[in-house]
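Here are some comments for a colleague at the bench, set out as numbered points. They are meant to be read beside the sequence and the structure.

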Amino acid sequence: MCHYCGCRHVSLIRDYIAEHERVTDLGGDAVRAIAGDDLERAHRCINEMAALLASHWQGEENGIFRVMQREDEYASYIAPLIEEHRELAELLATVDVGDRADQERIRHAVAELLEHISKEEDGLFPASLTALSGQDWDEAMAAWRDAHPGVEMMSD
Ligand SMILES: [Fe+2]
Ligand SMILES: [Fe+2]
């Protein structure tokens, strides 16, 4: 297997994208559950989202973000993404699904999450394919594994 062309590493990006899909599905489910006044279900979806995002963010922030942040060009792009992680974590941890204002916050946050994800999938991830060295990829993958103990990475 070669070390620098990126071929063996795209699985990491694929895992991040698969996690985005699971999280946006859960976000959509939570919003629909709120609209249907199924608060128990909304609460469950939000908790599941929070758990998934905790490991997803750990993998990103300690991995692909950290190695890309070493370049000024990407550091200023990544800093607000990390802030957005913290803001959403705070909301998910404190939201009261029965509260009208919080319900609106969740709807807003789910819409914002889609924008956040597109900044990663359409901006950062494609850039990573040319920006990262073989060693960077190893570091990014190690961070993903640390964030997902006992979980296998998707195969190539
Ligand atoms: Fe993110
Ligand atoms: Fe992400």
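1. A donor here is an N, O or S atom within 2.8 Å of the metal, and because water is not among the atoms, sites may look incomplete. Along the chain, the donors of the iron ion (ligand 1) follow the spacing E-x24-H-x30-H-x3-E. The model is a predicted one, and the points below should be read with that in mind.

2. The iron ion (ligand 1) is coordinated by E60 (OE), H85 (NE2), H116 (NE2) and E120 (OE), at 1.9 to 2.6 Å. The arrangement is irregular because the four donor atoms subtend angles of 88 to 175 degrees around this ion. Two of these donor residues, H116 and E120, are four residues apart in helix α4, so about one helical turn separates them, and both H116 and E120 are buried.

3. Around the iron ion (ligand 2), the protein donors are H20 (NE2), H56 (NE2), E60 (OE) and E120 (OE), which lie 1.9 to 2.1 Å from the ion. This site is also classed as irregular, with angles of 84 to 167 degrees among its four donor atoms, and its donors follow the spacing H-x35-H-x3-E-x59-E along the chain. The iron ion (ligand 2) and the iron ion (ligand 1) are 3.2 Å apart, with E60 coordinating both. The pair E60 and E120 links distant parts of the chain, E60 being in helix α2 (residues 39-69) and E120 in helix α4 (residues 100-131), 60 residues apart. Both E60 and E120 are buried.

4. Which acidic residue is buried yet has no salt bridge? That residue is D15, for which the nearest side chain of opposite charge, R14, is 5.7 Å away. D15 belongs to helix α1 (residues 10-35), and, not counting residues up to four places away in sequence, D15 touches W144, E152, M153 and M154.

5. Turning to the nonpolar interior, the largest core has 22 residues, and those with the most contacts inside it are I46, M49, L53, L88, L92 and I106. Helices α1, α2, α3 (72-94) and α4 each give two or more residues to this core, the largest share, seven residues, coming from α2. L88 is in contact with L53, W57, A109 and L113, leaving aside its neighbours within four places in sequence. A second, separate core of 20 residues includes I13, Y16, L81 and A140.

6. The structure holds nine salt bridges. In one of them, the side chains of K119 and E84 meet at 2.9 Å, N to O; K119 lies in helix α4 and E84 in helix α3, so the pair ties together parts that are 35 residues apart in sequence. K119 is partly exposed, with a relative accessible area of 30%, and E84 likewise counts as partly exposed, at 25% relative accessibility.

7. Other salt bridges lie within a helix. D102 pairs with R105, the closest N and O atoms being 2.2 Å apart, and both residues lie in helix α4, three residues apart, about one turn of the helix. D102 counts as buried, at 10% relative accessibility, whereas R105 counts as partly exposed, at 43%. R107 forms a salt bridge with E104, with 3.1 Å between the closest N and O atoms, and these two residues also lie in helix α4, three residues apart. Elsewhere, salt bridges that share partners join D29, R32 and R41 into one network.

How values were computed:
Residues numbered from 1 in each chain as written. Chains lettered and ligands numbered in written order. Predicted model: local features only at pLDDT ≥ 70, side-chain atom pairs only at ≥ 80, totals over all residues. Heavy atoms only, no water. Tetrahedral: all angles 85-135°; square planar, octahedral: opposite > 155°, others 65-115°. Buried < 20%, exposed > 50% of the residue type's maximum accessible area, 1.4 Å probe, protein only. Lys, Arg positive; Asp, Glu negative; His and termini not counted. Salt bridge = Lys/Arg side-chain N within 4 Å of Asp/Glu carboxyl O. Contact = heavy atoms within 4.5 Å. Core = buried A, V, L, I, M, F, W, Y, C linked by side-chain atoms within 4.5 Å.
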